[in-house]
Amino acid sequence: MENKGNFGQAASPAARERPTLKTIAFMTGLGVTTVSRALKDAPDIGAETKERVRMVARQLGYQPNRAGVRLRTGKTNVIALVLSIDEEIMGFSSQMVFGISEVLSGTPYHIVVTPHSHSKDPMLPVRYILDTGSADGVIISRIEPDDPRVRLLTERGMPFATHGRTDAGLTHPFHDFNNEAFAHQAVERLVKRGRRRIALLQPPSKLTYYAHIRIGFQTGLHDYGAEEVPLRVNSDAPLADIRDVVEVMMRSPNAPDGIVCSAGSAAIAVNAGIEAAGKALGRDLDMVSKQSVPILNWIRPEIITVQEDVRQAGREMAKAVIARIDGVEPELLQSISQPIWPEGGR
């Protein structure tokens with residue numbers, strides 16, 4: 001077939017050849033070793049030099065030859081994000097990917113997303129990565145108090161970071177959201193609106209942050225003189241099930257006048273159940289919910305929302321994994337973000 005783009009002329013050498021470290025070295029006037037170390041963000045290379053090398057690399061469209069890198073160094077330059085496909089609703093997973101990508105864009109590393117469903121064995125994707133040597137570091141979420149993935153990654157010496165904490169005596173890099181503070185502050189806001197009978201849509205009890213949410217919620221009930229109305233479903237349930245259970249609860253004589261929701265996607269189903277029961281937010285009850293992107297108030301302005309910055313979580317975990325690859329001690333790579341309440345409490 002005729003190549004109309006070249007109008008019958010031979011492609012130039014630049015068009016045929018893949019840019020290499022030598023190409024960048026020639027363009028910048030630096031040595032190949034200096035270019036290589038600049039792209040690896042080595043601490044002994046100055047910031048201006050790193051920026052100049054990265055700029056030229058971007059202009060040339062330079063990409064490391066992964067096969068060659070692995071043969072020479074045993075490294076893949078891959079950070080594997082093991083992410084539950086069930087978390088995609090409300091932009092949770094995309095925000096995390098964006099945050100990780102922002103950090104990796106200035107390094108030799110790139111992200112490969114390994115999807116899985118939380119209804120399947122969570123060990124499978126981690127074992128695959130370890131057995132195939134397909135990544136230099138791993139990021140995992142949906143953390144359990146004694147998470148077998150954390151134990152396996154630690155035993156195998158794989159650098160990793162978790163979105164959430166464990167509670168089994170293992171020291172490892174993590175970034176977490178302060179769910180205890182969120183639940184306590186949520187109860188406070190509901191009580192300030194005159195709500196005293198409060199239900200909690202909580203996460204599954206197997207996850208670590210279940211305990212954090214429960215502690216914050218129960219402490220808030222005690223501190224502000226409110227009582228709990230049991231809600232017999234958790235945030236992992238199908239949205240239709242959440243809607244149906246909330247509708248039954250709201251039709252009962254023991255209906256709450258406040259609800260704390262631990263997941264933004266589930267808040268949509270909770271609101272649907274409230275409306276199906278003939279009740280309305282802001283009139284019959286109030287609801288507080290987390291969200292990772294500002295969507296809930298477009299759906300129902302009466303929802304009291306708090307921001308969980310999942311993009312920032314992605315940034316922190318990416319930085320932690322790279323630092324762990326570089327040998328930084330895990331206890332120095334732990335962070336917790338706080339709830340972000342909009343001005344005016346809404």
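Ile-139 stands opposite Ala-161 in strand S4, and that pairing is a good place to enter this predicted model. S3 and S4 (residues 160–163) pair in the parallel sense over three bridges. On another front, strand S1 (residues 78–84) and S3 also pair in the parallel sense, here over four bridges. Within that pairing, Gly-137 in S3 is the bridge partner of Ile-79.

What covers the two faces of S3 can be read from its residues. Strand S3 spans residues 137–140, and both of its faces are covered. Gly-137 and Ile-139 on one side are buried, as are Val-138 and Ile-140 on the other.

**A loop residue beside S3**

Let us stay in this neighbourhood for a moment. Met-158 sits in the loop between helix H8 (148–155) and S4. Is Met-158 buried or exposed? Its relative accessible area is 12%, so Met-158 counts as buried. Leaving aside neighbours within four places in sequence, Met-158 is in contact with Ile-129, Leu-130, Ala-135, Asp-136, Gly-137, Val-138 and Leu-153. Gly-137 and Val-138 in that list are residues of S3, on opposite sides of the strand. Met-158 also has a partner far along the chain to look at: its C-alpha atom is separated by 9.2 Å from that of Arg-324, although the two are 166 residues apart in sequence.

**The whole protein**

Stepping back, the protein has 14 helices and eleven strands. Of its 346 residues, 49% count as buried. Among contacts with a separation of 6 or more, 66% are between residues 24 or more positions apart. The protein exposes about 17,000 Å², and carbon and sulfur atoms supply 53% of that area.

**The five-stranded sheet**

Now to another sheet. Five strands form an open sheet in the order S7-S6-S8-S9-S10, with parallel pairing. Strand S7 (227–228) and strand S10 (304–307) stand at the edges with a single partner strand each, so one side of each is left without a neighbour in the sheet. Strand S9 (residues 286–291) runs parallel to S10, and four bridges join the two. Where do they meet? Ser-289 stands opposite Thr-305 in S10.

Helix H9 (residues 179–192) lies across this sheet's strands S6 (197–201), S8 (258–261), S9 and S10. H9 runs at about 155° to S9.

**Salt bridges**

The structure holds 24 salt bridges. Three of them are set out here.

| Pair | Closest N to O distance |
|---|---|
| Lys-50 and Asp-41 | 3.0 Å |
| Arg-197 and Glu-227 | 3.6 Å |
| Arg-243 and Asp-244 | 2.8 Å |

Take the Arg-197 and Glu-227 pair, whose side chains meet in a salt bridge. Arg-197 lies in strand S6 and Glu-227 in strand S7, so the pair ties together parts that are 30 residues apart in sequence. Glu-227 counts as partly exposed, at 43% relative accessibility.

The bridge between Lys-50 and Asp-41 joins residues with unlike surroundings. Lys-50 counts as buried, at 11% relative accessibility, whereas Asp-41 counts as partly exposed, at 39%.

Arg-243 and Asp-244 belong to a bigger arrangement: with Glu-247 and Arg-251 they are linked in a network of salt bridges. Arg-243 is partly exposed, with a relative accessible area of 29%, and Asp-244 is partly exposed as well, with 38%. Why does Glu-247 count as buried? Its relative accessibility is 16%, and the cut-off for buried is under 20%. Glu-247 is found in helix H11 (residues 239–251). Beyond its neighbours within four places in sequence, Glu-247 is in contact with Gly-273, Ala-276 and Ala-277.

**A nonpolar patch**

Ala-276, one of the contacts of Glu-247, falls in helix H12, which covers residues 264–276. Ile-268 is found in that helix too. Ile-268 counts as partly exposed, at 32% relative accessibility. Together with Ile-295, Trp-298 and Ile-299, Ile-268 forms a nonpolar patch on the surface. The four residues have about 420 Å² of accessible area together.

Methods:
Residues numbered from 1 in each chain as written. Predicted model: local features only at pLDDT ≥ 70, side-chain atom pairs only at ≥ 80, totals over all residues. Heavy atoms only, no water. Pairing = 2+ DSSP bridges. Contact = heavy atoms within 4.5 Å. Axes fitted to C-alpha atoms, helices over the stretch in contact; angles between N-to-C directions. Buried < 20%, exposed > 50% of the residue type's maximum accessible area, 1.4 Å probe, protein only. Areas by Shrake-Rupley, 256 points an atom, 1.4 Å probe, with all protein chains shown as cover. Patch = residues over 30% accessible without salt bridge, like charges linked within 9 Å, V, L, I, M, F, W, Y side chains within 5 Å.
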